[in-house]
Amino acid sequence: MAEQFIPPTDINDDDKLWSMLSFILAPIVPIIVLLLEDKKTRPFISYNAIQALALSAVLYTISAVLTPVVGLGCVTGVAALGYSIYLGIQAYNGETVTIPVVTDFCKKQGWIE
């Protein structure tokens with residue numbers, strides 16, 4: 001059984017806000033977060049930013065591949081935005097965000113604990 005990320009108990013409102021923005025405004029905000037020294041050292045923020053960045057790469061790739069199929073790329077993009085908003089709300093509530101396949105991939109790469 002895989003270990004689950006246990007969020008630290010010192011999660012503050014700033015952590016929640018940056019985590020939410022990482023999902024909703026990916027890939028720009030996660031990149032900014034990972035470049036800011038005071039943000040990337042916060043475990044909750046970096047955990048969510050790395051996942052948001054990986055998820056955005058996957059979703060943009062899927063959307064680009066499906067774009068030639070009439071209308072399917074657009075539907076995929078809207079669904080991806082909806083899912084990102086859902087994950088952002090989860091992060092803002094201080095919950096552990098676990099994304100199927102993406103979270104496991106990030107853990108195996110050693111990007112998150």
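The following questions and answers concern a predicted model of a protein structure.

User: Is Gln51 buried or exposed?
Analyst: Gln51 is found in helix α4, which covers residues 43-66. The relative accessible area of Gln51 is 0%. Buried means a value under 20%, and therefore Gln51 is buried.

User: Which residue has a side chain joined to that of Gln51 by a polar contact?
Analyst: Leaving aside neighbours within four places in sequence, Gln51 is in contact with several residues, including Phe23, Val97 and Ile112. Thr103 also belongs to that list. The polar contact between side chains has a length of 2.3 Å, and the partner of Gln51 is Thr103.

User: Which residue is joined to Ala26 by a cis peptide bond?
Analyst: Most peptide bonds are trans. Here, omega is about 5 degrees for the cis bond that follows Ala26. The partner lies in the loop between α1 (13-24) and α2 (28-35). That partner is Pro27.

User: What is the phi of Val101, and is this residue buried or exposed?
Analyst: Val101 is placed in the loop between α5 (72-92) and α6 (102-109). Most residues other than glycine have a negative phi. In Val101, by contrast, phi is positive, near 70 degrees. Exposed means over 50% relative accessible area; Val101 has 65%, and so this residue is exposed.

User: What length does α1 reach from its first C-alpha to its last?
Analyst: Helix α1 has 12 residues. At 1.5 Å a residue, a span of 16 Å is expected. The span in the model is close to that, at 17 Å.

User: What arc do the buried residues of α1 cover around the axis?
Analyst: The buried residues of α1 are Asp15, Ser19, Met20, Ser22 and Phe23. They lie on the same side of α1 because the arc they cover is limited to only 155 degrees. Among the elements that cover these residues are α2, α4 and α5. The arc asked for is 155 degrees.

User: At the start of α1, which residue has a side-chain oxygen that reaches the backbone nitrogen of Asp14?
Analyst: The approach at this end of α1 is to within 3.1 Å. The atom that reaches the backbone nitrogen of Asp14 belongs to a side chain, and the residue is Asn12.

User: Which helix gives the most to the lining of the largest pocket?
Analyst: The largest pocket has a volume of about 210 Å³. Of the 13 residues that line this pocket, the closest to its centre include Leu59, Tyr60 and Ala80. At least two lining residues come from each of α1, α4 and α5. With 6 residues, the helix that gives the most is α4.

Methods: Residues are numbered from 1 along each chain as its sequence is written. This is a predicted model: local features need pLDDT of at least 70, side-chain atom pairs count only at pLDDT 80 or more; totals for chains, interfaces and linings use all residues. Side-chain values use heavy atoms; hydrogens and water are left out. Helices (H or I, at least four residues) and strands (E, at least two) are DSSP runs, numbered from the N terminus. Buried means under 20% relative accessible area, exposed over 50%, partly exposed in between (1.4 Å probe, protein chains only). A polar contact is a pair of N or O atoms within 3.5 Å; within protein, one must be able to donate a hydrogen and the other to accept it, and residues adjacent in sequence count only if both atoms are side-chain atoms. Contact means heavy atoms within 4.5 Å. The expected span of a helix is 1.5 Å times one less than its number of residues. The arc is that of the directions from the helix axis to the C-beta atoms. On a 1 Å grid over the protein atoms alone, a cavity is a set of points where a 1.4 Å probe fits but cannot get out, and a pocket is an open set with protein on both sides within 12 Å along at least five of seven lines; lining residues have an atom within 4 Å of a point. Grid points are joined across faces, edges and corners, and a volume is the space filled by probe spheres set on the points.
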